[in-house]
Amino acid sequence: MLTLQCLREERDRVISALAKRHVESATTIDEILKLDAQRRATQNELDQVLAESNSLSRQIGVLMREGKKDEAESMKIQTSGFKDKSSALKQAMEDAENQLNELLVQLPNTPCDLVEAGKSSEDNVEVFRSDEPQEAGGHAKPHWDIAKEFDLIDFDLGAKVTGAGFPFYKGRGAKLQRGLIRFFLERAEEAGYTEYIPPHVVNADSGYGTGQLPDKEGQMYHMQEDDLYMIPTAEVPLTNIFRDVVLTESDLPQKLCGYTPCFRREAGSYGKDVRGLNRLHQFDKVEIVQITHPSESYAKLDNMVEHVKGLLAGLELPYRILRLCGGDMGFTSAMTYDFEVWSAAQERWLEVSSVSNFETFQANRLKCRFKDVDGKNKLVHTLNGSALALPRILAALLENHQDHEGVVIPKALVPYVGFNRIGG
RNA sequence: GGAGAGGUGGCAGAGUGGUAAUGCAGCAGCCUGCUAAGCUGUGACCGAUUUAUUGGUCCCCGAGUUCGAAUCUCGGUCUCUCCGCCA
(Lines give C-alpha, C1' and ligand atoms only; values in the text may rest on other atoms or scores of the structure.)
Protein backbone atom coordinates (compact mmCIF):
# COMPACT_ATOMS: atom_id res chain seq x y z
CA MET A 1 0.00 0.00 0.00
CA LEU A 2 0.97 3.60 -0.35
CA THR A 3 2.88 5.10 2.55
CA LEU A 4 1.30 7.74 4.77
CA GLN A 5 4.41 9.81 4.36
CA CYS A 6 3.92 9.84 0.62
CA LEU A 7 0.27 10.90 0.97
CA ARG A 8 1.20 13.68 3.41
CA GLU A 9 4.01 15.04 1.29
CA GLU A 10 2.79 14.42 -2.25
CA ARG A 11 -0.98 14.48 -2.05
CA ASP A 12 -1.50 16.16 -5.43
CA ARG A 13 0.98 14.00 -7.31
CA VAL A 14 -0.70 10.85 -5.97
CA ILE A 15 -4.15 12.05 -6.97
CA SER A 16 -3.09 12.81 -10.53
CA ALA A 17 -1.13 9.54 -10.83
CA LEU A 18 -4.15 7.54 -9.67
CA ALA A 19 -6.28 9.38 -12.18
CA LYS A 20 -4.39 7.39 -14.84
CA ARG A 21 -6.15 4.33 -13.46
CA HIS A 22 -9.44 6.20 -13.54
CA VAL A 23 -9.48 6.16 -9.78
CA GLU A 24 -10.93 9.26 -8.17
CA SER A 25 -8.96 9.44 -4.94
CA ALA A 26 -9.08 13.00 -3.60
CA THR A 27 -11.91 12.34 -1.14
CA THR A 28 -10.35 9.14 0.18
CA ILE A 29 -6.94 10.71 0.55
CA ASP A 30 -8.26 13.74 2.38
CA GLU A 31 -10.21 11.47 4.68
CA ILE A 32 -7.02 9.49 5.33
CA LEU A 33 -5.07 12.65 6.09
CA LYS A 34 -7.80 13.79 8.46
CA LEU A 35 -7.77 10.48 10.30
CA ASP A 36 -4.00 10.55 10.40
CA ALA A 37 -3.97 13.97 12.07
CA GLN A 38 -6.66 12.82 14.45
CA ARG A 39 -4.72 9.72 15.35
CA ARG A 40 -1.57 11.67 16.07
CA ALA A 41 -3.40 14.16 18.27
CA THR A 42 -4.97 11.30 20.22
CA GLN A 43 -1.62 9.68 20.64
CA ASN A 44 -0.16 12.83 22.13
CA GLU A 45 -2.93 12.94 24.69
CA LEU A 46 -2.52 9.26 25.47
CA ASP A 47 1.24 9.59 25.84
CA GLN A 48 0.75 12.33 28.40
CA VAL A 49 -1.64 10.27 30.47
CA LEU A 50 0.68 7.28 30.33
CA ALA A 51 3.67 9.39 31.31
CA GLU A 52 1.86 10.66 34.41
CA SER A 53 0.64 7.23 35.39
CA ASN A 54 4.08 5.72 34.86
CA SER A 55 5.66 8.31 37.08
CA LEU A 56 3.13 7.74 39.87
CA SER A 57 3.64 4.00 39.69
CA ARG A 58 7.36 4.51 39.92
CA GLN A 59 6.94 6.65 43.03
CA ILE A 60 4.71 4.03 44.62
CA GLY A 61 7.38 1.48 43.91
CA VAL A 62 9.98 3.58 45.71
CA LEU A 63 7.71 4.05 48.75
CA MET A 64 6.98 0.34 48.95
CA ARG A 65 10.66 -0.47 48.92
CA GLU A 66 11.22 2.00 51.73
CA GLY A 67 8.43 0.35 53.68
CA LYS A 68 6.21 3.45 53.70
CA LYS A 69 3.03 1.50 53.05
CA ASP A 70 0.57 4.16 54.20
CA GLU A 71 1.99 6.80 51.89
CA ALA A 72 1.94 4.32 49.06
CA GLU A 73 -1.69 3.46 49.72
CA SER A 74 -2.74 7.07 49.69
CA MET A 75 -0.87 7.60 46.46
CA LYS A 76 -2.72 4.70 44.88
CA ILE A 77 -5.89 6.70 45.27
CA GLN A 78 -4.47 9.33 42.96
CA THR A 79 -4.10 6.76 40.19
CA SER A 80 -7.82 6.14 39.90
CA GLY A 81 -9.12 7.53 36.67
CA PHE A 82 -5.93 7.02 34.71
CA LYS A 83 -7.05 3.62 33.61
CA ASP A 84 -10.40 4.74 32.22
CA LYS A 85 -8.83 7.71 30.57
CA SER A 86 -6.05 5.78 28.94
CA SER A 87 -8.20 2.89 27.78
CA ALA A 88 -10.67 5.35 26.22
CA LEU A 89 -7.83 7.06 24.41
CA LYS A 90 -6.34 3.74 23.31
CA GLN A 91 -9.69 2.76 21.89
CA ALA A 92 -10.03 6.07 20.05
CA MET A 93 -6.57 5.67 18.59
CA GLU A 94 -7.25 2.13 17.50
CA ASP A 95 -10.52 3.17 15.88
CA ALA A 96 -8.85 5.95 13.92
CA GLU A 97 -6.08 3.60 12.87
CA ASN A 98 -8.49 0.90 11.72
CA GLN A 99 -10.55 3.35 9.73
CA LEU A 100 -7.40 4.77 8.24
CA ASN A 101 -6.09 1.35 7.22
CA GLU A 102 -9.39 0.38 5.72
CA LEU A 103 -9.16 3.36 3.40
CA LEU A 104 -5.46 3.03 2.73
CA VAL A 105 -5.83 -0.56 1.61
CA GLN A 106 -8.34 0.54 -1.02
CA LEU A 107 -5.86 2.74 -2.86
CA PRO A 108 -3.98 1.00 -5.68
CA ASN A 109 -0.35 1.74 -6.48
CA THR A 110 0.53 4.92 -8.34
CA PRO A 111 1.53 4.20 -11.95
CA CYS A 112 4.99 5.39 -12.88
CA ASP A 113 5.40 8.34 -15.27
CA LEU A 114 5.88 6.20 -18.40
CA VAL A 115 2.49 4.56 -17.97
CA GLU A 116 -0.27 5.85 -20.26
CA ALA A 117 -3.66 6.68 -18.79
CA GLY A 118 -5.88 4.36 -20.84
CA LYS A 119 -9.08 2.58 -19.92
CA SER A 120 -8.70 -1.06 -20.87
CA SER A 121 -6.50 -3.58 -22.63
CA GLU A 122 -7.29 -1.72 -25.88
CA ASP A 123 -5.06 1.11 -24.71
CA ASN A 124 -1.97 -0.93 -23.88
CA VAL A 125 1.13 0.11 -25.79
CA GLU A 126 2.96 -2.43 -27.91
CA VAL A 127 6.66 -1.80 -27.32
CA PHE A 128 8.17 -4.80 -29.12
CA ARG A 129 7.26 -7.49 -31.63
CA SER A 130 9.45 -10.50 -32.47
CA ASP A 131 10.56 -11.41 -35.99
CA GLU A 132 8.97 -14.85 -35.91
CA PRO A 133 6.19 -14.97 -38.51
CA GLN A 134 2.65 -15.14 -37.19
CA GLU A 135 1.09 -17.98 -39.11
CA ALA A 136 -2.49 -17.27 -39.90
CA GLY A 137 -3.46 -20.56 -41.39
CA GLY A 138 -6.98 -21.87 -41.58
CA HIS A 139 -5.24 -25.25 -41.77
CA ALA A 140 -3.54 -24.94 -38.34
CA LYS A 141 -4.98 -27.33 -35.79
CA PRO A 142 -5.80 -25.97 -32.32
CA HIS A 143 -3.67 -27.36 -29.52
CA TRP A 144 -6.54 -29.31 -27.95
CA ASP A 145 -6.86 -31.35 -31.14
CA ILE A 146 -3.12 -31.96 -31.37
CA ALA A 147 -3.01 -32.88 -27.67
CA LYS A 148 -5.77 -35.41 -28.23
CA GLU A 149 -4.27 -36.81 -31.43
CA PHE A 150 -0.95 -37.59 -29.74
CA ASP A 151 -2.42 -38.31 -26.31
CA LEU A 152 -0.45 -35.53 -24.62
CA ILE A 153 -3.15 -34.07 -22.37
CA ASP A 154 -6.39 -35.56 -21.05
CA PHE A 155 -8.90 -32.91 -20.10
CA ASP A 156 -11.81 -35.32 -19.60
CA LEU A 157 -9.87 -37.41 -17.16
CA GLY A 158 -9.02 -34.27 -15.17
CA ALA A 159 -12.68 -33.30 -15.12
CA LYS A 160 -13.59 -36.76 -13.82
CA VAL A 161 -10.97 -36.90 -11.11
CA THR A 162 -11.08 -33.26 -10.01
CA GLY A 163 -13.11 -30.91 -12.17
CA ALA A 164 -12.86 -28.70 -15.24
CA GLY A 165 -9.57 -26.86 -15.50
CA PHE A 166 -7.44 -29.58 -13.90
CA PRO A 167 -5.96 -31.55 -16.81
CA PHE A 168 -3.73 -34.62 -16.79
CA TYR A 169 -0.54 -34.43 -18.83
CA LYS A 170 0.51 -37.78 -20.26
CA GLY A 171 3.53 -39.36 -21.88
CA ARG A 172 5.32 -36.86 -24.10
CA GLY A 173 2.94 -34.18 -22.90
CA ALA A 174 4.21 -34.70 -19.35
CA LYS A 175 7.82 -34.85 -20.53
CA LEU A 176 7.36 -31.66 -22.47
CA GLN A 177 6.03 -30.01 -19.35
CA ARG A 178 8.92 -31.24 -17.22
CA GLY A 179 11.45 -30.24 -19.89
CA LEU A 180 10.05 -26.73 -20.12
CA ILE A 181 10.28 -26.30 -16.36
CA ARG A 182 13.93 -27.38 -16.40
CA PHE A 183 14.66 -25.15 -19.38
CA PHE A 184 13.20 -22.11 -17.60
CA LEU A 185 14.85 -22.85 -14.26
CA GLU A 186 18.28 -23.36 -15.73
CA ARG A 187 18.08 -20.19 -17.78
CA ALA A 188 17.10 -18.33 -14.59
CA GLU A 189 19.98 -19.88 -12.70
CA GLU A 190 22.40 -18.82 -15.46
CA ALA A 191 21.02 -15.29 -15.10
CA GLY A 192 21.94 -15.27 -11.40
CA TYR A 193 18.62 -16.21 -9.79
CA THR A 194 18.78 -18.58 -6.82
CA GLU A 195 16.30 -21.41 -7.06
CA TYR A 196 13.76 -22.03 -4.30
CA ILE A 197 11.11 -24.66 -3.88
CA PRO A 198 8.61 -22.83 -1.70
CA PRO A 199 5.51 -24.05 0.11
CA HIS A 200 2.48 -24.22 -2.19
CA VAL A 201 0.19 -23.08 0.58
CA VAL A 202 0.49 -19.81 2.51
CA ASN A 203 -1.09 -18.10 5.51
CA ALA A 204 -3.20 -14.95 5.47
CA ASP A 205 -0.31 -12.69 6.49
CA SER A 206 1.54 -13.69 3.35
CA GLY A 207 -1.52 -13.15 1.19
CA TYR A 208 -1.80 -9.70 2.65
CA GLY A 209 1.92 -8.99 2.23
CA THR A 210 1.92 -9.32 -1.54
CA GLY A 211 -1.53 -7.77 -1.97
CA GLN A 212 -3.75 -10.75 -2.84
CA LEU A 213 -5.65 -10.04 0.37
CA PRO A 214 -7.94 -8.35 1.05
CA ASP A 215 -8.42 -7.29 -2.55
CA LYS A 216 -8.58 -10.59 -4.43
CA GLU A 217 -9.88 -12.89 -1.76
CA GLY A 218 -12.07 -14.84 -4.18
CA GLN A 219 -9.24 -15.70 -6.58
CA MET A 220 -7.52 -18.05 -4.19
CA TYR A 221 -8.54 -21.48 -2.97
CA HIS A 222 -8.95 -21.25 0.78
CA MET A 223 -8.65 -24.11 3.24
CA GLN A 224 -11.05 -23.06 5.92
CA GLU A 225 -10.09 -25.57 8.56
CA ASP A 226 -6.49 -24.37 8.69
CA ASP A 227 -7.04 -20.86 7.35
CA LEU A 228 -4.45 -21.37 4.60
CA TYR A 229 -4.49 -20.37 0.96
CA MET A 230 -3.21 -22.29 -2.07
CA ILE A 231 -0.79 -20.04 -3.90
CA PRO A 232 -2.01 -18.33 -7.10
CA THR A 233 1.65 -17.72 -8.03
CA ALA A 234 5.12 -18.34 -6.57
CA GLU A 235 5.35 -14.57 -6.12
CA VAL A 236 3.49 -14.95 -2.85
CA PRO A 237 5.82 -17.33 -0.97
CA LEU A 238 8.96 -16.00 -2.65
CA THR A 239 8.34 -12.34 -1.90
CA ASN A 240 7.10 -13.07 1.62
CA ILE A 241 10.51 -14.51 2.46
CA PHE A 242 11.35 -10.85 2.99
CA ARG A 243 8.38 -9.95 5.16
CA ASP A 244 9.55 -8.14 8.33
CA VAL A 245 13.17 -8.24 7.18
CA VAL A 246 15.74 -5.45 7.30
CA LEU A 247 18.46 -6.04 4.72
CA THR A 248 21.78 -4.28 4.50
CA GLU A 249 22.44 -2.27 1.39
CA SER A 250 25.06 -4.77 0.22
CA ASP A 251 22.43 -7.55 0.28
CA LEU A 252 20.73 -5.86 -2.67
CA PRO A 253 19.66 -6.90 -5.17
CA GLN A 254 18.21 -10.26 -4.13
CA LYS A 255 17.36 -12.45 -7.12
CA LEU A 256 15.31 -15.59 -6.70
CA CYS A 257 13.35 -17.95 -8.85
CA GLY A 258 11.11 -20.91 -8.29
CA TYR A 259 8.89 -23.41 -10.00
CA THR A 260 5.46 -24.04 -8.47
CA PRO A 261 2.02 -25.11 -9.52
CA CYS A 262 -0.40 -22.16 -9.32
CA PHE A 263 -4.01 -22.41 -8.24
CA ARG A 264 -6.69 -19.96 -9.32
CA ARG A 265 -10.42 -20.14 -8.89
CA GLU A 266 -11.08 -17.98 -11.96
CA ALA A 267 -14.71 -17.57 -11.02
CA GLY A 268 -16.79 -16.19 -13.85
CA SER A 269 -14.59 -17.20 -16.79
CA TYR A 270 -16.24 -19.10 -19.61
CA GLY A 271 -16.40 -19.73 -23.36
CA LYS A 272 -13.48 -19.82 -25.75
CA ASP A 273 -11.29 -18.15 -23.13
CA VAL A 274 -11.20 -21.36 -21.15
CA ARG A 275 -10.98 -23.87 -24.00
CA GLY A 276 -8.05 -26.29 -23.80
CA LEU A 277 -5.04 -24.85 -22.05
CA ASN A 278 -6.15 -21.24 -22.33
CA ARG A 279 -7.25 -20.89 -18.72
CA LEU A 280 -6.84 -23.48 -15.99
CA HIS A 281 -7.46 -23.77 -12.27
CA GLN A 282 -4.07 -25.38 -11.80
CA PHE A 283 -1.04 -24.63 -13.93
CA ASP A 284 2.73 -24.66 -13.70
CA LYS A 285 4.89 -21.58 -13.71
CA VAL A 286 8.47 -20.51 -13.12
CA GLU A 287 8.63 -17.15 -11.44
CA ILE A 288 11.53 -14.72 -11.06
CA VAL A 289 11.64 -12.19 -8.21
CA GLN A 290 13.98 -9.33 -7.42
CA ILE A 291 14.32 -7.20 -4.30
CA THR A 292 16.24 -4.06 -5.23
CA HIS A 293 17.51 -0.68 -4.15
CA PRO A 294 14.93 1.97 -5.13
CA SER A 295 17.41 3.69 -7.44
CA GLU A 296 17.87 0.66 -9.67
CA SER A 297 14.48 -1.03 -9.80
CA TYR A 298 13.65 0.18 -13.30
CA ALA A 299 16.99 -1.02 -14.66
CA LYS A 300 16.24 -4.40 -13.10
CA LEU A 301 12.78 -4.38 -14.62
CA ASP A 302 14.45 -4.00 -18.03
CA ASN A 303 16.79 -6.91 -17.20
CA MET A 304 13.84 -9.10 -16.39
CA VAL A 305 12.11 -8.15 -19.65
CA GLU A 306 15.30 -9.07 -21.54
CA HIS A 307 15.45 -12.38 -19.71
CA VAL A 308 11.93 -13.32 -20.75
CA LYS A 309 12.64 -12.24 -24.33
CA GLY A 310 15.55 -14.67 -24.36
CA LEU A 311 13.28 -17.54 -23.30
CA LEU A 312 10.72 -16.86 -26.00
CA ALA A 313 13.41 -16.46 -28.64
CA GLY A 314 14.81 -19.86 -27.57
CA LEU A 315 11.38 -21.38 -28.08
CA GLU A 316 11.14 -19.70 -31.51
CA LEU A 317 7.69 -18.36 -30.77
CA PRO A 318 6.18 -15.20 -32.26
CA TYR A 319 5.44 -12.77 -29.44
CA ARG A 320 4.90 -9.15 -28.57
CA ILE A 321 5.43 -7.03 -25.46
CA LEU A 322 2.87 -4.58 -24.17
CA ARG A 323 3.29 -1.87 -21.60
CA LEU A 324 0.03 -1.92 -19.73
CA CYS A 325 -1.96 1.28 -19.44
CA GLY A 326 -3.20 2.59 -16.12
CA GLY A 327 -6.64 1.09 -16.54
CA ASP A 328 -5.36 -2.43 -17.21
CA MET A 329 -2.58 -2.66 -14.65
CA GLY A 330 -2.81 -4.80 -11.53
CA PHE A 331 -3.72 -3.19 -8.23
CA THR A 332 -0.23 -3.40 -6.73
CA SER A 333 1.89 -2.57 -9.76
CA ALA A 334 3.59 0.69 -10.71
CA MET A 335 4.54 -0.57 -14.15
CA THR A 336 3.84 -3.83 -15.96
CA TYR A 337 5.00 -5.40 -19.21
CA ASP A 338 2.87 -8.25 -20.55
CA PHE A 339 4.28 -10.82 -22.95
CA GLU A 340 1.86 -12.41 -25.41
CA VAL A 341 2.56 -15.31 -27.76
CA TRP A 342 0.73 -15.84 -31.02
CA SER A 343 -1.66 -18.72 -31.21
CA ALA A 344 -1.63 -19.88 -34.84
CA ALA A 345 -4.87 -21.84 -34.71
CA GLN A 346 -6.90 -19.52 -32.51
CA GLU A 347 -5.40 -16.55 -34.33
CA ARG A 348 -5.05 -14.47 -31.25
CA TRP A 349 -2.48 -13.40 -28.67
CA LEU A 350 -2.16 -15.32 -25.42
CA GLU A 351 -0.64 -13.77 -22.31
CA VAL A 352 2.26 -15.87 -21.04
CA SER A 353 4.14 -13.48 -18.77
CA SER A 354 3.62 -10.38 -16.76
CA VAL A 355 6.68 -8.53 -15.47
CA SER A 356 6.09 -5.80 -12.90
CA ASN A 357 7.78 -3.28 -10.67
CA PHE A 358 5.82 -2.68 -7.48
CA GLU A 359 8.20 -0.03 -6.19
CA THR A 360 7.51 0.29 -2.43
CA PHE A 361 3.86 -0.79 -2.57
CA GLN A 362 4.44 -4.40 -1.52
CA ALA A 363 7.50 -3.52 0.57
CA ASN A 364 5.37 -1.23 2.71
CA ARG A 365 2.96 -4.03 3.52
CA LEU A 366 5.75 -6.54 3.90
CA LYS A 367 7.83 -4.15 5.99
CA CYS A 368 10.83 -5.11 3.92
CA ARG A 369 13.52 -2.49 4.32
CA PHE A 370 17.23 -1.97 3.98
CA LYS A 371 19.60 0.08 6.08
CA ASP A 372 21.07 2.84 3.94
CA VAL A 373 24.47 4.49 4.36
CA ASP A 374 23.09 6.86 7.01
CA GLY A 375 21.76 3.94 9.02
CA LYS A 376 18.16 4.81 8.17
CA ASN A 377 15.70 2.08 7.29
CA LYS A 378 14.17 2.55 3.86
CA LEU A 379 11.66 0.48 1.92
CA VAL A 380 13.05 -1.69 -0.86
CA HIS A 381 11.49 -2.07 -4.29
CA THR A 382 10.05 -5.46 -5.23
CA LEU A 383 9.68 -6.86 -8.74
CA ASN A 384 8.54 -10.11 -10.24
CA GLY A 385 7.75 -11.76 -13.52
CA SER A 386 6.63 -15.04 -15.02
CA ALA A 387 9.48 -16.82 -16.75
CA LEU A 388 7.29 -18.45 -17.85
CA ALA A 389 3.73 -19.73 -17.41
CA LEU A 390 3.52 -23.16 -18.99
CA PRO A 391 0.09 -23.97 -20.41
CA ARG A 392 -0.15 -21.25 -23.02
CA ILE A 393 3.49 -21.79 -23.94
CA LEU A 394 2.65 -25.42 -24.53
CA ALA A 395 -0.39 -24.40 -26.56
CA ALA A 396 1.70 -22.03 -28.68
CA LEU A 397 4.44 -24.63 -29.19
CA LEU A 398 1.94 -27.20 -30.40
CA GLU A 399 0.13 -24.78 -32.67
CA ASN A 400 3.04 -22.82 -34.10
CA HIS A 401 5.48 -25.66 -34.59
CA GLN A 402 3.10 -28.18 -36.13
CA ASP A 403 3.77 -29.72 -39.53
CA HIS A 404 1.90 -32.33 -41.54
CA GLU A 405 2.97 -35.24 -39.37
CA GLY A 406 3.11 -33.68 -35.94
CA VAL A 407 5.05 -31.10 -33.96
CA VAL A 408 8.70 -30.04 -34.17
CA ILE A 409 10.46 -29.33 -30.86
CA PRO A 410 12.61 -26.16 -31.01
CA LYS A 411 16.36 -26.88 -30.89
CA ALA A 412 17.00 -25.15 -27.58
CA LEU A 413 14.41 -27.33 -25.89
CA VAL A 414 15.48 -30.71 -27.28
CA PRO A 415 18.16 -31.41 -24.64
CA TYR A 416 15.58 -30.82 -21.91
CA VAL A 417 12.75 -32.96 -23.28
CA GLY A 418 14.81 -35.71 -24.86
CA PHE A 419 13.08 -35.92 -28.25
CA ASN A 420 13.01 -33.61 -31.26
CA ARG A 421 9.50 -34.10 -32.53
CA ILE A 422 6.10 -35.48 -31.71
CA GLY A 423 4.47 -37.69 -34.36
CA GLY A 424 5.78 -38.38 -37.84
C1' G B 1 -2.77 -37.31 17.71
C1' G B 2 -0.76 -37.80 23.35
C1' A B 3 2.88 -36.11 27.24
C1' G B 4 6.65 -32.76 28.77
C1' A B 5 10.12 -28.47 28.25
C1' G B 6 10.87 -23.88 26.26
C1' G B 7 10.53 -18.67 23.25
C1' U B 8 14.43 -12.18 26.58
C1' G B 9 18.39 -7.35 21.74
C1' G B 10 22.85 -9.59 15.82
C1' C B 11 24.52 -13.87 19.10
C1' A B 12 25.19 -15.88 24.11
C1' G B 13 22.78 -15.36 28.70
C1' A B 14 20.71 -13.48 33.87
C1' G B 15 16.27 -11.82 35.64
C1' U B 16 9.37 -15.27 40.34
C1' G B 17 5.65 -8.27 40.77
C1' G B 18 8.94 -2.08 41.32
C1' U B 19 10.07 -0.84 34.99
C1' A B 20 15.87 -5.57 31.24
C1' A B 21 22.27 -7.45 34.44
C1' U B 22 26.46 -9.13 31.97
C1' G B 23 29.53 -11.11 28.00
C1' C B 24 30.73 -11.49 22.74
C1' A B 25 30.29 -9.60 17.77
C1' G B 26 29.34 -5.51 14.37
C1' C B 27 29.36 -0.21 13.56
C1' A B 28 30.78 5.00 14.87
C1' G B 29 33.79 8.31 17.72
C1' C B 30 37.90 9.25 21.11
C1' C B 31 42.70 7.86 22.84
C1' U B 32 47.24 5.44 21.69
C1' G B 33 54.25 4.60 18.85
C1' C B 34 53.17 0.47 15.39
C1' U B 35 48.01 -7.08 13.29
C1' A B 36 46.79 -4.66 19.66
C1' A B 37 44.63 -2.66 24.08
C1' G B 38 41.47 0.95 26.39
C1' C B 39 37.31 4.46 26.77
C1' U B 40 32.46 6.27 24.99
C1' G B 41 28.17 5.61 22.23
C1' U B 42 25.08 2.09 19.76
C1' G B 43 17.93 -1.28 18.41
C1' A B 44 12.85 -1.08 16.23
C1' C B 45 8.09 1.30 15.97
C1' C B 46 4.42 5.62 16.85
C1' G B 47 4.57 10.77 18.05
C1' A B 48 5.98 16.11 19.62
C1' U B 49 9.59 19.55 18.32
C1' U B 50 13.04 25.21 18.31
C1' U B 51 16.56 19.21 14.83
C1' A B 52 19.13 20.19 20.29
C1' U B 53 16.24 17.25 22.43
C1' U B 54 11.83 14.81 24.21
C1' G B 55 7.14 11.46 25.42
C1' G B 56 5.15 6.71 24.52
C1' U B 57 5.27 1.44 22.88
C1' C B 58 8.20 -3.16 22.24
C1' C B 59 11.00 -9.40 26.67
C1' C B 60 6.80 -14.89 20.65
C1' C B 61 1.30 -12.98 19.81
C1' G B 62 -3.50 -11.61 22.14
C1' A B 63 -6.56 -10.93 26.38
C1' G B 64 -6.80 -10.57 31.88
C1' U B 65 -5.27 -9.51 37.28
C1' U B 66 -2.45 -5.10 39.50
C1' C B 67 -1.01 1.60 41.26
C1' G B 68 2.80 -1.19 38.54
C1' A B 69 3.77 -7.48 34.56
C1' A B 70 9.59 -10.20 31.12
C1' U B 71 7.81 -12.18 35.92
C1' C B 72 1.08 -14.10 37.85
C1' U B 73 -3.71 -16.14 35.05
C1' C B 74 -6.23 -17.64 30.40
C1' G B 75 -6.10 -18.40 25.06
C1' G B 76 -3.11 -18.81 20.66
C1' U B 77 1.43 -19.74 18.01
C1' C B 78 6.22 -21.63 17.06
C1' U B 79 10.61 -24.63 18.51
C1' C B 80 12.74 -28.86 21.05
C1' U B 81 12.37 -33.95 23.54
C1' C B 82 9.66 -38.56 24.19
C1' C B 83 5.46 -41.76 22.60
C1' G B 84 1.93 -43.08 18.70
C1' C B 85 0.90 -42.94 13.42
C1' C B 86 3.07 -42.51 8.72
C1' A B 87 5.70 -41.48 2.76
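## Close-up views of a predicted protein–RNA model

**View 1. Arg 8 reaches the RNA.** Welcome to the first close-up, in which a polar side-chain atom of Arg 8 lies 3.3 Å from a phosphate oxygen of RNA strand B. Please keep in mind that this is a predicted model. Arg 369 takes part in a similar way: one of its polar side-chain atoms is 2.8 Å from a phosphate oxygen of RNA strand B. With Thr 79, the partner on the RNA is a sugar or linking oxygen, 3.3 Å from an N or O atom of the Thr 79 side chain.

**View 2. The protein surface near RNA strand B.** Stepping back from single contacts, you can find 20 residues around RNA strand B. The closest of them are Arg 39, Gln 43, Asp 47, Ser 57 and Arg 369. Which kinds of residue make up the surface near RNA strand B? Nine are charged, seven are polar and four are nonpolar. On the RNA side, look at the atoms within 4 Å of the protein: 69% of them belong to sugar or phosphate, and the rest to bases.

**View 3. Helix H3 beside the RNA.** Which element gives the most residues to the surface near RNA strand B? The answer is H3, with 13 residues. Helix H3 covers residues 26-65, and strand S14, covering 369-371, also supplies at least two residues of this surface.

**View 4. Two domains in chain A.** For orientation, the domain assignment divides chain A into domain 1, residues 4-104, and domain 2, residues 121-422. How many ångströms separate the centres of the two domains? Taken over C-alpha atoms, the centres of domain 1 and domain 2 are 44 Å apart.

**View 5. Cysteines without disulfides.** A disulfide is a covalent bond between the sulfur atoms of two cysteines. Here the count of disulfides comes to zero. Cys 6 is in no disulfide, and the nearest cysteine sulfur, that of Cys 112, is 14 Å away. Cys 6 is also buried, with a relative accessible area of 14%. Why is Cys 325 without a bond to Cys 112? The sulfur of Cys 112 is the closest cysteine sulfur to that of Cys 325, but the two are 13 Å apart, which is too far for a bond. Cys 325 is buried too, with a relative accessible area of 1%.

**View 6. An open sheet of three strands.** Follow the order S5-S7-S6 and you will trace an open sheet with antiparallel pairing. Strand S5 (201-203) and strand S6 (222-223) stand at the edges with a single partner strand each, so one side of each has no neighbour in the sheet. S6 pairs with strand S7 (residues 228-230) in the antiparallel sense over two bridges. To find this pairing in the model, start at Met 223, whose bridge partner in S7 is Leu 228.

**View 7. Strand S10 and its partners.** Is strand S10 mostly covered or uncovered? Strand S10, residues 282-292, is mostly covered, with 10 of its 11 residues buried. Strand S9 (residues 254-263) pairs with S10 in the antiparallel sense over 10 bridges, and Pro 261 has Asp 284 as its bridge partner in S10. S10 is also joined to strand S16 (residues 381-389) by seven bridges, and these two strands run antiparallel. A handy landmark for that pairing is Gln 290, whose bridge partner in S16 is Leu 383.

Conventions
Residues numbered from 1 in each chain as written. Chains lettered and ligands numbered in written order. Predicted model: local features only at pLDDT ≥ 70, side-chain atom pairs only at ≥ 80, totals over all residues. Heavy atoms only, no water. Domains from an automatic or database assignment. Disulfide = S-S within 2.5 Å. Buried < 20%, exposed > 50% of the residue type's maximum accessible area, 1.4 Å probe, protein only. Near = heavy atom within 4 Å. Polar contact = N/O pair within 3.5 Å; in protein donor to acceptor, adjacent residues only side chain to side chain. Helix = DSSP H or I, 4+ residues; strand = E, 2+ residues; numbered from the N terminus. Nonpolar A, V, L, I, M, F, W, Y, C, P; charged D, E, K, R; others polar. Pairing = 2+ DSSP bridges.
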